[in-house]
Amino acid sequence: MYSIRILGKCSEVFNRVQLLPRFLPRMKVTIENHNGRLRLRWKDPKQRTLALGLSDTPACRSMAGITKNEIELDWQTGHYDQTLLKYRPRSTGSNASEISAPELFAKFTQYQAKEESLLPSTVKHKYRAIERQLEKYLNLPASSITKQNAGKLADIWDKNISPDTARQRVWLLTSCWEFAKDRYHVAEENPWKDMGRRFGRQPKNKLDPFDLDEVNSILTGFRSNPEFSHYADFVAFLLGIGCRIGEGIGIRWANVAKDFNSVYICEAISKGVVGNTKTKESRDVAIPPSVAAMLRRRKELKQYQPSDLVFTSPKGCPIDRDNFRSRVWAKVLKDVEVRYRPPGKTRSTAVSHSLAGGANYIAVAKATGHSPLVMHRNYAGSIDKKSVFVEFCNVDKIPDNHYS
């Protein structure tokens, strides 16, 4: 326990102070209240803070004073621990502050899932993958992880996964160690900081949207397919407003305006789990007449409750995007002889054709939930590929013997 550790140090500090030289530069450590909890602050010469995990009471201030004196004494006698691990509170039992790197990341995952409302698919594919890597390569106490340890794992990722994925993993680990500083026994210096710089930039994938002929073939293919025509309206909706797949799956009749001219996008569904949109922001989207007519016709054919999903599987369940992609989408594209791209390309298709048609990119960004800057940088010119350069010479006027 923290109190036992403090009492054990009292005699050590007393004995060492007898040997203290008189004219060494002093370090001043102050005790302060931070949101009702005690922490220490000093410079070495960097600004340092150390959370003690103690309430602001007279007894706890006395305990904080022991650690304060220990830091000041270590500084003067040359025993100062730059990592601050020596001074951090330790505990055992169910609330242990000394845990392994995989256990720490598991705690961080639980925290993120709750605070950020992470979808189960995000936890599975991004967070659990990192936890498994830590179990395999860095199953050590979190307090013992150094930049050298972190660098070895980064080297493995550099050889086996894409730069973007590696950079994302390092960013999450950096955030994990920042999260741990006031909660668990870890060094003040984050071993993952700046580690992402070693990974080169990965070229961005081409947008590769469907052209108009391909769009018409896909829509015709779905409507004429006796096995998969149930999904024709869903595909038309995705192509019509360029929403994300999970957002389209999550549309309810309560989100559709009474005049069918707009939809309110406020949630997404992944693996049957309802969550926030990717940006965690809602938006009201005006929809084109053909999509409005489709929604009106759909509602006239059957009475729905406001909470009912607009688009479901044939059995009335939320659409499973993976199942839809592999069993439905891929087969229809093959049947109509359209080169395969994933269903997510319906979004880039809708955006690209809107911009090529002269729509304002800021308005399109607002409707699709993009950043205007990203919209302009990534989508401009994705459909209209005419040359922007001036033609200085007329090939028709060049004599034939010029090429002989």
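Modeller: One definition first: a residue is buried under 20% relative accessible area, exposed over 50%, and partly exposed in between (1.4 Å probe, protein chains only). What you're looking at is a predicted model, where local features need pLDDT of at least 70 and side-chain atom pairs count only at pLDDT 80 or more, while totals for chains, interfaces and linings use all residues. Residues are numbered from 1 along each chain as its sequence is written, and side-chain values use heavy atoms, with hydrogens and water left out.

Colleague: Okay, let me try that out. Why is Asp208 called partly exposed?

Modeller: Its relative accessible area is 24%, which falls in between 20% and 50%, so Asp208 counts as partly exposed. You'll find Asp208 in the loop between α6 (163-180) and α7. Those names come from DSSP: helices are H or I runs of at least four residues, strands are E runs of at least two, and both are numbered from the N terminus. The protein chain has 14 helices and seven strands.

Colleague: What is Asp208 in contact with, leaving aside its neighbours within four places in sequence?

Modeller: Contact means heavy atoms within 4.5 Å, and on that rule Asp208 touches Arg339, Arg341 and Lys345. Thr349 is also worth finding: from Asp208 it is 141 residues away in sequence, yet 8.1 Å away in space, C-alpha to C-alpha. For the protein chain as a whole, residues 24 or more positions apart make up 62% of the contacts with a separation of 6 or more.

Colleague: What makes Ser313 buried and Glu337 exposed?

Modeller: Ser313 has a relative accessible area of 13%, which is under 20%, so Ser313 is buried. Glu337 comes out at 75%, which is over 50%, so Glu337 is exposed. Ser313 is in the loop between α10 and α11, where its contacts beyond four places in sequence are His230, Tyr231 and Ile319. Glu337 is in the loop between α11 and α12. Across the protein chain, 43% of the 404 residues are buried.

Colleague: What is unusual about phi in Phe260?

Modeller: Phi of Phe260 is near 65°, a positive value in a residue that isn't glycine. Glu337 is another such case, at about 60°. Most residues other than glycine have a negative phi, and most peptide bonds are trans. Phe260 lies in the loop between α9 and β4, and its relative accessible area of 9% is under 20%, so Phe260 is buried.

Colleague: You mentioned trans. How do you know that the peptide bond joining Asp44 and Pro45 is cis?

Modeller: Look at omega: for the bond between Asp44 and Pro45 the angle is about 10°, and the bond is listed as cis. Pro45 is in the loop between β2 (37-43) and β3 (47-55).

Colleague: On to the helices. Why are α12 and α13 called roughly antiparallel?

Modeller: The axes of α12 (residues 345-356) and α13 (residues 361-368) cross at roughly 155° and come within 10 Å. Angles under 35 degrees count as roughly parallel, over 145 as roughly antiparallel, 65 to 115 as roughly perpendicular, and the rest as oblique. Roughly 155° is over 145, so α12 and α13 are roughly antiparallel. Arg347, Val351, Ser354 and Leu355 of α12 make the contact with Tyr361, Val364 and Thr368 of α13.

Colleague: And what makes α4 oblique to α5?

Modeller: α4 (residues 120-137) and α5 (residues 147-160) pack at about 120°, with axes 11 Å apart. That angle is in none of the other ranges, so α4 is oblique to α5. Gln133, Leu134 and Tyr137 in α4 meet Leu153, Ile156 and Trp157 in α5.

Colleague: What makes a set of residues a nonpolar core?

Modeller: The members are buried Ala, Val, Leu, Ile, Met, Phe, Trp, Tyr and Cys residues joined through side-chain atoms within 4.5 Å. The largest one has 41 residues, and those with the most contacts inside it are Phe222, Phe237, Val263, Leu295 and Phe324. Among the elements that each supply at least two residues of this core are α7 (212-224), α8 (232-241) and β4 (262-265). α8 gives the most, with eight residues. Apart from this core lies another of 28 residues, among them Leu104, Ala154, Cys176 and Phe179.

Terms used. Axes fitted to C-alpha atoms, helices over the stretch in contact; angles between N-to-C directions.
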